[in-house]
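Grab a coffee and open the viewer. Here are a few exercises to work through with the model on screen.

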Amino acid sequence: MDDLNAFVIPQGCRIGRPLILKALTGSTNDDARLLASGGAGHGTTVLADAQTAGRGRLGRAWSSPSGENLYLSVVWRAGLDSIDPPLLALGAGLAVSEALDLFTPAPTAVKWPNDVRYHGKKLAGLLAEAIYRGSRANAVVLGLGVNVRGEVFPDSIRAIATSLRIVRGEDVVRAVVLTALFERLDGTLGQLCADGFGAIRQRLIDRCESIGARVTVGEITGVGVDLDAGGALLIRDDYGAIHPVRAGELR
Ligand code: BT5
């Protein structure tokens, strides 16, 4: 964990303070949710070297061995009066993809809504969980799992997962990746909150592999053609009808 212990929050960054570093935890999202429910401020971050119950969406497991990858959860409170949690999650996926480009031979892509992939394999996943007071979210926990140094994955994900180490062919220091992630998250999400989704929409479209691809969500199959002003993926079916998809799992 020495490389994580040595990590210093980039100057001027509004997230990552306080930083709670754990050698082992169940799930950093659970830890951050608890902190957020107790009133923890914007930017509070839990970072773990390993998780015993790392999770993805819909209760799926996130492989979280020690010494290899990044598992962190950021309490985000800014701008929630104007930005919905799903848009924040879209912005976070864009930020992570842009940050990871600094370490990959070619640009990474976003699989809508927010998986970050390299040549079709998953480099990073995002689990955004809103905490509501009444009908309004007063915090969103942005949980990030980024495969940095892992080289051997469990059988169940070997065919679909990759890491910076694998795509680069050389070691990557976790603290350096963490610095890039904090800078991009702070910058891109700050821009989203200040200027709205329109300010980052084109950047996301440019790296969204689900646009121009044949996709299926639930009952809808067609070609992803655009993202609308609310972040929905527009799918054109084989009869030419356009379907906006606001949430779901692309196949
Ligand atoms: C995600 O879910 O992609 C969100 C993952 C978020 C994990 C972070 S780690 C820090 C924070 N604390 C948590 O407890 N969670 C967050 P989803 O789209 O549902 O993808 C889950 C699927 O990805 C699994 O069913 C596997 O197929 C695959 N998977 C599991 N572990 C993986 C890994 N390390 N790398 C790539 N794919 C993985």
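What follows is a set of tasks on a predicted model, each with a worked solution.

**Exercise 1. Work out how α3 and α5 are oriented, and which residues they use to touch.**

Solution.
- Start with the geometry: α3 and helix α5 (residues 174–195) pack at about 140°, and their axes are 8 Å apart.
- Now classify that angle. Roughly antiparallel needs an angle over 145 degrees, so α3 counts as oblique to α5.
- Next, the handedness: the crossing of α3 past α5 is right-handed.
- Then look at who touches whom. On the α3 side you'll find L87, L88, G91, A92, L94, A95, V96, E98, A99 and L100, and they meet V177, A180, L181, R184, L185, T188, L189, L192 and C193 of α5.
- Sort that contact by class and you get 15 nonpolar, 2 polar and 2 charged residues.

**Exercise 2. Do the same for α3 and α6: find the angle, the handedness and the contact.**

Solution.
- Helix α3 (residues 85–100) meets helix α6 (residues 198–206) at an angle of about 55°, with 10 Å between the axes.
- Roughly parallel needs an angle under 35 degrees, and roughly perpendicular runs from 65 to 115. This pair is therefore oblique too.
- Here α3 passes α6 in a left-handed crossing.
- From α3, the contact uses L90, G91, L94 and E98; from α6, it uses I200, R203 and L204.
- By class, that contact holds 4 nonpolar, 1 polar and 2 charged residues.
- One thing to spot: G91, L94 and E98 of α3 turn up in the contact with α6 and also in the contact with α5.

**Exercise 3. Describe the largest pocket: its volume, its centre and its lining.**

Solution.
- The volume comes out at about 680 Å³.
- Count the lining and you get 38 residues; nearest the centre are G56, A61, W62, K122 and G125.
- Which elements give two or more residues to this lining? They are α2 (28–37), β3 (70–76), β5 (115–118), β6 (121–133) and β7 (136–146).
- β6 gives the most, with 4 residues.
- Finish with the chemistry: the lining has 15 nonpolar, 15 polar and 8 charged residues.

**Exercise 4. Describe the second largest pocket in the same way.**

Solution.
- This pocket holds about 450 Å³ of space.
- It is lined by 19 residues, and P86, A89, P113, R246 and A247 are the closest to its centre.
- α3 and β6 each supply at least two lining residues, and β6 gives the most, with 5.
- Split by class, the lining is 12 nonpolar, 4 polar and 3 charged residues.

**Exercise 5. Track down the backbone oddities: two cis peptide bonds and a positive phi in a residue other than glycine.**

Solution.
- Begin at R17 to P18, where the peptide bond is cis and omega is near -10°. P18 sits in the loop between α1 (2–5) and β1 (19–22).
- Move on to W112 to P113, which is also joined by a cis bond, with omega near 5°. P113 is in the loop between β4 (109–111) and β5.
- Link this back to Exercise 4: P113 is one of the residues closest to the centre of the second largest pocket.
- Last comes L58, with phi near 55°. You'll find L58 in the loop between β2 (45–48) and β3.

Note on methods:
Residues numbered from 1 in each chain as written. Predicted model: local features only at pLDDT ≥ 70, side-chain atom pairs only at ≥ 80, totals over all residues. Heavy atoms only, no water. Axes fitted to C-alpha atoms, helices over the stretch in contact; angles between N-to-C directions. Left-handed = near helix turned anticlockwise from the far one by under 90°. Contact = heavy atoms within 4.5 Å. Nonpolar A, V, L, I, M, F, W, Y, C, P; charged D, E, K, R; others polar. 1 Å grid on protein atoms, 1.4 Å probe; cavity = no way out; pocket = protein on both sides within 12 Å on 5 of 7 lines; lining within 4 Å. Points joined across faces, edges and corners; volume = space filled by probe spheres on them.
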